[in-house]
Amino acid sequence: MLSRSSDTLWDIAAAEVRSRESRTDEEDAEEDAHFPTQRTVFFMGSKAGGKTTILLRFLDRDETAKPTLALEYTFGRRARGHNTPKDIAHLWELGGGISLSDLVQIPITADNVSSLSVVLVLDLSKPNVLWETMERLLDSARSQVEKVCASHQKTGESRSGKQRVPRVLHKDYPDRELISPFPVPLLIVGSKFDIFQDFDSEKRKVICKTLRFIAHFYGASLIFTSSKSEAIISKSRSFVNQLAFGTERPKSISTDPSKPLAIPAGFDSLSQIGPPVTSDVDIGTLHAKNPLDLWKKVFERVFPPENIKERKELKDPAKDPQYSEPLIDSIRAQKDQELEQYKREQAKSWKSLALDP
C-alpha cells in the first residue's frame, strides 16, 4: 500500500485496518492460501480409552503409548505442496477421563477458538460409563467455548478466524431444526472395536444407534477404530487429518453395526437412525425432557451407569495410580511422615507452655 510522505504512522495503520475490514471472504481466502494455517485439535475422552494411540498413529510415530499426565501438548506439520510453507496443527490431549475436565480452559482459548476442533474418544468396551463420559466432557468443552465466545463479543472482536463460532450449519443439513450442533467441529471416535465386535449383537445395535444419534444431534462425524487393524486406523487418520489440516472430507460411509461405523457429519439423519432400541419398555411411558434425554434413559436401561469413584472427581492427581513414580512417591511419603512428626512435636510444645492467667 502506498502512502503520502506526510502520513503519520497512525494514519498508515488506520488505513490498513480499514482496508482489511472492507475485504470480502473470497479475498481473505485468496490471501490465506499463500500463508501456512494453524489449527488446534483437542483430544479428550474415556480414561485409558486409546486417545494417545490415535494421536501417535495420526502423527506416524511408532511409539508405545504411555498414560497421559493430566494435559499434554504436541504438534504436527504438513506441507500443502512442493516448496510451500507447512501448515501447523496444535494437538492437545486431556488425560484422566472426566476427573480432570476443569483443564479444558487451557487448550480452549480466545486465541484459538476460531480454528478449534474437538475429538471425543469413547471406549466401546465400557458402555456402562460411556454416556456419562460423553456428557460430562462435552458439557465442559461447550461451556468453555461459549465463555470464550462471550468474551469476544464483549470486547467487540471480530473476524478472528476462518470459521464462525459458534458454527452455523448450512441450510440443507439434515434435521437442521431438530438438532443442537456443537459450537466447533466435533469428531466422535469409538475405540477398541476389536473388543466391541465380540459383544452380543443386540447390545452392539443399541450402542451403534445411540452413538449415531449423539453424533447427528451434535452435528459431529462418527468413526469406530481399533489399534489392532491398520485399515481401520487409516480411516480414522483421514478424519483427524481433515480437522487438523483441512484436507478433503472423508467420503467413506458405513452404518452396519457388525462393521466399524464411519459417518461424516451431515451424512446421517433421524429417519435413517430410527427410534431408540427398546424391548422391555414403552418409550411413551418414559418421562424425558428432550430427544437427547430420551435416548439417555433408554441407553441406561440397557447399560446402567456404574457407581465409580471417578464420579467424585479426583482432586489430587498425585494420588492417582496412573501417574505413579516409585522413586518420587517414596520421597513424597518420607516427607509426609516428616511433616506429621513435625506437627505432633509442635502440638506438644504448645501444650507444654505455661500461659500467664
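## An exposed residue in helix H10

Ile328 counts as exposed in this predicted model, because its relative accessibility is 54% and the cut-off for exposed is over 50%. The residue lies in helix H10, which covers residues 326-352.

Together with Leu327 and Ile331, Ile328 forms a nonpolar patch on the surface. The accessible area of these three residues together is about 320 Å².

## Strand E5 and its partners

Strand E5 consists of residues 186-191, and six of the six are buried, so the strand is largely enclosed by the rest of the structure. Leu186, Ile188 and Gly190 point one way from E5. Leu187, Val189 and Ser191 point the other way, and the residues of both sets are buried.

E5 pairs with strand E4 (residues 116-123) through six bridges, and the two run parallel. In this pairing, Val118 stands opposite Leu186 of E5. E5 is also joined to E6, by four bridges, and these strands run parallel too. Here Gly190 stands opposite Phe224, a residue of E6.

## Thr225 in the loop after E6

Strand E6 (221-224) and helix H7 (230-245) are connected by a loop, and Thr225 is found in that loop. With a relative accessible area of 4%, Thr225 is buried, since buried means under 20%.

Leaving aside neighbours within four places in sequence, Thr225 is in contact with several residues, including Val189, Gly190 and Ser191. Those three belong to the set of E5 residues that point to one side or the other of the strand. Other contacts of Thr225 are Ile54, Lys192, Phe193, Ile232, Ile233 and Ser236.

## Aromatic pairs

Across the whole structure, a search finds twelve aromatic pairs. One of them is Phe213 with Trp295: the ring centres are 4.7 Å apart and the planes are at 5°, so the pair is stacked. Phe213 lies in helix H6 (residues 201-217) and Trp295 in helix H9 (residues 291-302), so this pair ties together parts that are 82 residues apart in sequence. Phe213 counts as buried at 4% relative accessibility, and Trp295 is buried with a relative accessible area of 5%.

The rings of Phe217 and Tyr218 make an edge-to-face pair, because their planes are at 80° with the centres 5.4 Å apart. Both Phe217 and Tyr218 are buried. One aromatic cluster takes in Phe213, Trp295, Phe217 and Tyr218, along with Phe182.

Notes: Residues numbered from 1 in each chain as written. Predicted model: local features only at pLDDT ≥ 70, side-chain atom pairs only at ≥ 80, totals over all residues. Heavy atoms only, no water. Phe/Tyr/Trp six-rings, centres within 6.5 Å; stacked < 30°, edge-to-face > 60°. Buried < 20%, exposed > 50% of the residue type's maximum accessible area, 1.4 Å probe, protein only. Contact = heavy atoms within 4.5 Å. Patch = residues over 30% accessible without salt bridge, like charges linked within 9 Å, V, L, I, M, F, W, Y side chains within 5 Å. Areas by Shrake-Rupley, 256 points an atom, 1.4 Å probe, with all protein chains shown as cover. Salt bridge = Lys/Arg side-chain N within 4 Å of Asp/Glu carboxyl O. Pairing = 2+ DSSP bridges.
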